[in-house]
Amino acid sequence: MNDSGPGGGYFWCLRHQRVESGADLCAAKYRLGPYDSKAEAEQALQRVSERNEEWEAEDARWTGEES
């Protein structure tokens, strides 16, 4: 693999559960990113989880369902 993906960057592959970059990338439907660094790509699933929690809390506030 090269150090950068299309246009640069690193991607988290949902299929293989690893960071990918360069010409050897899985199809876009299996990737999260691009990220500026390998470390950021490795934290992709954690960031997705954090964002989902934030959005669910905002939805609850919006609908008046917060506790």
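The side chains of Glu20 and Arg18 meet in a salt bridge, N to O at 3.2 Å; let's start our exercises from this pair. The model is predicted, so local features need pLDDT of at least 70 and side-chain atom pairs count only at pLDDT 80 or more, while totals for chains, interfaces and linings use all residues. Residues are numbered from 1 along each chain as its sequence is written, and side-chain values use heavy atoms, with hydrogens and water left out.

**Exercise: the surroundings of Glu20**

Task: Find where Glu20 lies, decide whether Glu20 is buried or exposed, and list what its side chain reaches.

Solution:
- Begin with the secondary structure: Glu20 belongs to strand E2. Helices (H or I, at least four residues) and strands (E, at least two) are DSSP runs, numbered from the N terminus.
- Next comes accessibility. Glu20 has a relative accessible area of 1%, so this residue is buried; the cut-offs are under 20% for buried, over 50% for exposed and partly exposed in between (1.4 Å probe, protein chains only).
- Its partner Arg18, at 35%, is partly exposed.
- The pair passes the salt-bridge test, which asks for a side-chain nitrogen of Lys or Arg within 4 Å of a carboxyl oxygen of Asp or Glu.
- Glu20 and Arg18 also share a side-chain polar contact of 3.2 Å. Here a polar contact is a pair of N or O atoms within 3.5 Å; within protein, one must be able to donate a hydrogen and the other to accept it, and residues adjacent in sequence count only if both atoms are side-chain atoms.
- Finally, the Glu20 side chain reaches the backbone nitrogen of Cys26 at 2.9 Å.

**Exercise: salt bridges on a helix**

Task: Work out which salt bridges Glu50 and Glu58 form, and how the partners are spaced in helix H2.

Solution:
- Set the total first: the structure holds 4 salt bridges.
- Glu50 pairs with Arg47, with the closest N and O atoms 3.4 Å apart. Both sit in H2 (residues 44–63), 3 residues apart, about one turn of the helix.
- Check exposure: Glu50 is partly exposed at 32%, and Arg47 is partly exposed at 32%.
- Glu58 pairs with Arg61, and here the closest N and O atoms are 2.8 Å apart.
- Accessibility comes to 39% for Glu58, which is partly exposed, and to 42% for Arg61, also partly exposed.
- Glu58 and Arg61 are likewise 3 residues apart in H2, about one turn of the helix.
- To finish, look for shared partners: Arg47, Glu50 and Glu54 are joined into one network.

**Exercise: pairing of the strands**

Task: Trace the order of the elements along the chain, then find which strands E1 pairs with and which way its side chains point.

Solution:
- The protein chain has 2 helices and 3 strands, in the order β-β-β-α-α.
- E1 and E2 run antiparallel and are joined by 3 bridges; two strands pair if DSSP finds at least two bridges between them. In this pairing, Trp12 has Val19 of E2 as its bridge partner.
- E1 and E3 also run antiparallel, with 3 bridges, and the partner of Tyr10 in E3 is Tyr35.
- In a regular strand the side chains alternate between the two faces of the sheet.
- E1 shows this split: Tyr10 and Trp12 point one way, Phe11 and Cys13 the other, and all are buried.

**Exercise: backbone exceptions**

Task: Locate the residue other than glycine with a positive phi and the cis peptide bond.

Solution:
- Keep the background in mind: most residues other than glycine have a negative phi, and most peptide bonds are trans.
- Gln17 has a phi near 55 degrees. Gln17 is found in the loop between E1 (10–13) and E2 (18–20), and that hairpin has 4 residues between the strands.
- At 44% relative accessibility, Gln17 is partly exposed.
- The cis bond joins Gly33 and Pro34, with omega at about 20 degrees. Pro34 is part of strand E3 (residues 31–35).

**Exercise: the whole chain**

Task: What share of the 67 residues counts as buried, and how much area does the chain expose?

Solution:
- The buried share is 24%.
- The exposed area is about 5,000 Å², with carbon and sulfur atoms supplying 45%. Areas come from the Shrake-Rupley method with a 1.4 Å probe; for residues, only the protein chains shown count as cover.
- As a last step, take contacts (heavy atoms within 4.5 Å): among those with a separation of 6 or more, 23% join residues 24 or more positions apart.
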